[in-house]
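Open the model in a viewer and keep the selection tool to hand. The stops below go from one selection to the next.

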Amino acid sequence: MKKSIMFSSVLILIILILFASLKFFNFYSNKSAENVDKDIALELKEEVLNYLSGKGYKEDEIYKLEVKYNPKMGNVLDSYYANVIFSDEKDVSYKYVVIKGDVVQTGFSGSDKGKHAE
């Protein structure tokens, strides 16, 4: 009898810990989306578009440009980055950031091709 009560208690404790962890993760995820500064995101998007235009890319060569926010960095400019997907390579996402006022490609993911890698 004592073993079954102890087992039930442990099981309930584990379930409560899992539930609390999921609630915390969900709260944290939603909080990071709320923290995105729309003005900073728009400015970064424009900077990246200007940079790519200066590199010779036309607007129709860019399939998708999306600004993301990394909440682990805190609420600073460095916590924003742009993911760019080119029309001729839709399985690869390129990451752009602004470092000391300059737009820089910091890498890519999704394939080992990287046609647009700098």
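Select F86 and Y94 first: both residues are buried, a label that here means under 20% relative accessible area, with exposed meaning over 50% and partly exposed anything in between (1.4 Å probe, protein chains only). This is a predicted model, in which local features need pLDDT of at least 70 and side-chain atom pairs count only at pLDDT 80 or more, while totals for chains, interfaces and linings use all residues. Residues are numbered from 1 along each chain as its sequence is written, and side-chain values use heavy atoms, with hydrogens and water left out.

Stay on F86. F86 belongs to strand β2, where helices (H or I, at least four residues) and strands (E, at least two) are DSSP runs numbered from the N terminus. The relative accessibility of F86 is 0%. Now display its contacts, a contact being heavy atoms within 4.5 Å. Leaving aside residues up to four places away in sequence, F86 touches L52, Y57, E61, I62, Y63, Y94, Y96 and H116. Y57 is 29 residues from F86 in sequence, and their C-alpha atoms are 9.6 Å apart.

Next, the aromatic rings. How many aromatic pairs does the structure hold? There are five, counting rings of Phe, Tyr and Trp (its six-membered ring) whose centres lie within 6.5 Å; planes under 30 degrees apart are stacked, over 60 edge-to-face, and the rest tilted. Select Y69 and Y80: the ring centres are 5.1 Å apart and the planes stand at 50°, so this pair is tilted. The pair links distant parts of the chain, with Y69 in strand β1 (residues 62-69) and Y80 in strand β2 (residues 80-86), 11 residues apart. Y69 and Y80 are both buried. Return to F86 and Y94, whose ring centres lie 5.4 Å apart with planes at 70°, so the pair is edge-to-face. Add Y57 and F108 to the selection to see the cluster that ring pairs form from Y57, F86, Y94 and F108.

Another ring has a charge over it. Select Y81 and K95: the charged end of K95 sits over the Y81 ring, 4.5 Å from the ring centre. The test applied is NZ of Lys or CZ of Arg within 6 Å of the ring centre and within 35 degrees of the ring normal.

Now the salt bridges. Side chains of opposite charge can pair when their charged atoms come close. The rule used asks for a side-chain nitrogen of Lys or Arg within 4 Å of a carboxyl oxygen of Asp or Glu, and the count is two. Select E66 and K68, whose side chains meet at 3.5 Å, N to O. E66 is partly exposed at 33% relative accessibility, and K68 is partly exposed at 31%. The other selection is D88 with K115, where the closest N and O atoms are 4.0 Å apart. D88 is in the loop between β2 and β3 and K115 in the segment after β4, so this bridge ties together parts 27 residues apart in sequence. D88 is partly exposed, with a relative accessible area of 45%, whereas K115 is exposed at 53%.

Move to K100, in the loop between β3 (89-99) and β4 (102-109). K100 has a positive phi of about 50°, although it is not a glycine. Its relative accessible area is 83%, so K100 is exposed.

Two stops concern the helices. Select A41 in helix α2 (residues 38-54); A41 is buried, at 14% relative accessibility. Then add A82: the C-alpha atoms of A41 and A82 are separated by 8.6 Å, with their positions 41 residues apart along the chain.

Then select M6, V10, I14 and L18, which make a nonpolar surface patch of about 400 Å². Patches are made of residues with over 30% relative accessible area and no salt bridge, joining like charges within 9 Å and nonpolar side chains (Val, Leu, Ile, Met, Phe, Trp, Tyr) within 5 Å. Within this patch, I14 lies in helix α1 (residues 2-34) and is partly exposed at 44%.

Finally, show the whole protein. Its secondary structure comes to two helices and four strands, in the order α-α-β-β-β-β along the sequence. Buried residues are 24% of the 118. The protein exposes about 8,800 Å², of which carbon and sulfur atoms supply 59%; accessible areas come from the Shrake-Rupley method with a 1.4 Å probe, and for residues only the protein chains shown count as cover.
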